[in-house]
Amino acid sequence: MFTHLKNIETAFRHVKLFSYFLIAACTIISCFALYKSYQAADLAGRHIYVLANGKALEAFAADRKDNIPVEARDHIKMFHHYFFTLDPDEKVINANIGKALYLADESAKNQYNDLKEKSYYNNLISGNISQQVVVDSVQLDIDQYPYYFKCFATQKLIRATSTINRSLVTQGYLRNVARSDNNPHGFLIQHWETLANRDTTLQHQ
């Protein structure tokens, strides 16, 4: 009888140890599953899908500081494109200048007003002159805020009989602002000025 009871006690002890082991194993597995779930959710949250031409393209989220040089240079290029790419059409000029002025402070507005007072835009219209700009390079210093930049570009004045190429050099600073439809990069150009804008070549048509 005592042997039978001893066997029952031993079996109960084994069952209890097995139960503890099973509970510990379940706890570890549950914690691991929760950890992997949060990890997967965090990874999925970093994925952005952009719909383009009916196709979902995957993009990846990143800290703004990682994209500052790329976004800043594109902001500067966009501003110069809108400010200097003009056709002999008052509506086109107003539309492009309007887009450019969203990307800069009053220093750009002052240059626009100065050119307007000198009848620069009226001369483009009356002379049927198209103006284009190609940004060659942008020097950018992101070590200090606001970010200083110097832009080197080639400006073209296209007439019916000739094309004048100009070397254009400008400088200014970038500060952070809220993103919007009119300012997708979230930068504002300030203290913008033209350092050089001189003729380099003349091509006859």
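**An annotated N-terminal segment and the overall fold**

In an unreviewed UniProt entry, residues 17-35 carry the feature "transmembrane region", and the structure examined here is a predicted model. Within this model the annotated span is 100% helix and 0% strand, and the C-alpha atoms at its two ends are 27 Å apart.

Part of the surface in this region is nonpolar, as L17, Y20 and I23 form a patch whose accessible area comes to about 350 Å² together. Of these residues, Y20 belongs to helix α1, which covers residues 2-45. Y20 is classed as exposed because its relative accessible area, 53%, falls in the range over 50% that defines this class.

With regard to the fold as a whole, the protein contains five helices and six strands, and these elements follow one another from the N terminus in the order α-β-β-α-α-α-α-β-β-β-β. Contacts that link distant parts of the sequence are well represented, in that 59% of the contacts between residues at least 6 apart in sequence join residues at least 24 apart.

The accessible surface of the protein amounts to about 13,900 Å², of which 57% is supplied by carbon and sulfur atoms. In terms of residues, 28% of the 205 that make up the protein count as buried.

Definitions and conventions
Residues numbered from 1 in each chain as written. Predicted model: local features only at pLDDT ≥ 70, side-chain atom pairs only at ≥ 80, totals over all residues. Heavy atoms only, no water. Helix = DSSP H or I, 4+ residues; strand = E, 2+ residues; numbered from the N terminus. Buried < 20%, exposed > 50% of the residue type's maximum accessible area, 1.4 Å probe, protein only. Contact = heavy atoms within 4.5 Å. Areas by Shrake-Rupley, 256 points an atom, 1.4 Å probe, with all protein chains shown as cover. Patch = residues over 30% accessible without salt bridge, like charges linked within 9 Å, V, L, I, M, F, W, Y side chains within 5 Å. Salt bridge = Lys/Arg side-chain N within 4 Å of Asp/Glu carboxyl O. UniProt positions renumbered as here; feature names shortened; annotations may be inferred.
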